[in-house]
Amino acid sequence: YRNNVTEKTSLTGNTINHLFKDSKNHFWIATNQGLSKLNPSTEWFQTFKNDLSNNKAYSSEVIKSFEDKKGNIWIISRRYLIKLGTQKKEYYLLDSLSFLFNENKNTPLYIAPDNTFWFGTAHGIKIFDPSKKTFLNQNNNPNYKNGYLFLGKRINCIYEDKLGIVWIACNDGIIRYNPFSN
């Protein structure tokens, strides 16, 4: 599949940053020119680009898209975290999302059982709570400092095992984190 500027149902852009398959078996493709959703039965793409009608132009480049535990589709662009809703888009403007991006734009992401989003960064883990529409500060957690879980660790991968233990690969080893006991 490739972008064809004369075909509305083609891929949005040719530089692919990320892709995933949602719970409805659609493929979501984050590109340098926006987001595409592929319907595998028709092999047609639906495109999502800047929404100028809401005066909320997010960068045309989409870094990543993902589905939360409630079936909502989320987009990470350079300036926004965007929730695609059935009726409208919800925008969470963040002054700079640069802390989310590693050099290769492969931001580790873990969606916790409580539906919070854990973003692995070059400085630790930032946790976003979509119900509160904000990044969390867990000052009562001894592993949480200056807005980051495991401050000073470059996070490369986050994985949850069958027992609910979170395994975090970082710049100086692996952290085994039990969220039930902090």
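The following paragraphs lead from the overall fold to the surroundings of one acidic residue and then to the aromatic side chains.

The model is a predicted one. The protein contains 17 strands and zero helices. Of its 182 residues, 46% are buried. Among contacts with a separation of 6 or more, 36% join residues 24 or more positions apart.

Within this framework, Asp68 offers a useful point of entry. This residue belongs to the loop between β5 (62–67) and β6 (73–77). Asp68 is buried, yet no salt bridge is assigned to it. The nearest side chain of opposite charge is that of Lys83, at 5.9 Å. Because a salt bridge requires a side-chain nitrogen of Lys or Arg within 4 Å of a carboxyl oxygen of Asp or Glu, the separation of 5.9 Å between Asp68 and Lys83 does not qualify.

What polar partners, then, does the side chain of Asp68 have? One lies in the backbone: the nitrogen of Lys70 is 2.8 Å from a polar atom of the Asp68 side chain. Another is a side chain, that of Trp74, which makes a polar contact of 2.9 Å with the side chain of Asp68. When residues up to four places away in sequence are left out, Asp68 touches Trp74, Ile111, Asn115 and Phe117.

Trp74 leads from this polar setting to the aromatic side chains. The structure holds 11 aromatic pairs. One of them joins Phe66 and Trp74 in a stacked arrangement, with 6.4 Å from centre to centre and 10° between the planes. Phe66 and Trp74 are both buried. Ring pairs also place these two residues in a cluster with Phe117, Phe119 and Phe128. Trp74 and Phe117, both members of that cluster, are also among the residues that Asp68 touches.

A further aromatic pair has another geometry. Tyr110 and Trp118 meet edge-to-face, with their centres 5.1 Å apart and 85° between the planes. Are these two residues buried or exposed? Tyr110 has a relative accessible area of 6% and is therefore buried. Trp118 likewise counts as buried, because its relative accessibility is 6%. Both classifications follow because buried means under 20% relative accessible area.

An aromatic ring also takes part in an arrangement with a charged group. The charged end of Lys126 is positioned over the ring of Tyr148, at 4.8 Å from the ring centre.

Terms used: Residues are numbered from 1 along each chain as its sequence is written. This is a predicted model: local features need pLDDT of at least 70, side-chain atom pairs count only at pLDDT 80 or more; totals for chains, interfaces and linings use all residues. Side-chain values use heavy atoms; hydrogens and water are left out. Helices (H or I, at least four residues) and strands (E, at least two) are DSSP runs, numbered from the N terminus. Buried means under 20% relative accessible area, exposed over 50%, partly exposed in between (1.4 Å probe, protein chains only). Lys and Arg count as positive and Asp and Glu as negative; His and the chain ends are not counted. A polar contact is a pair of N or O atoms within 3.5 Å; within protein, one must be able to donate a hydrogen and the other to accept it, and residues adjacent in sequence count only if both atoms are side-chain atoms. Contact means heavy atoms within 4.5 Å. Rings of Phe, Tyr and Trp (its six-membered ring) pair if their centres lie within 6.5 Å; planes under 30 degrees apart count as stacked, over 60 as edge-to-face and the rest as tilted. A charge sits over a ring if NZ of Lys or CZ of Arg is within 6 Å of the ring centre and within 35 degrees of the ring normal.
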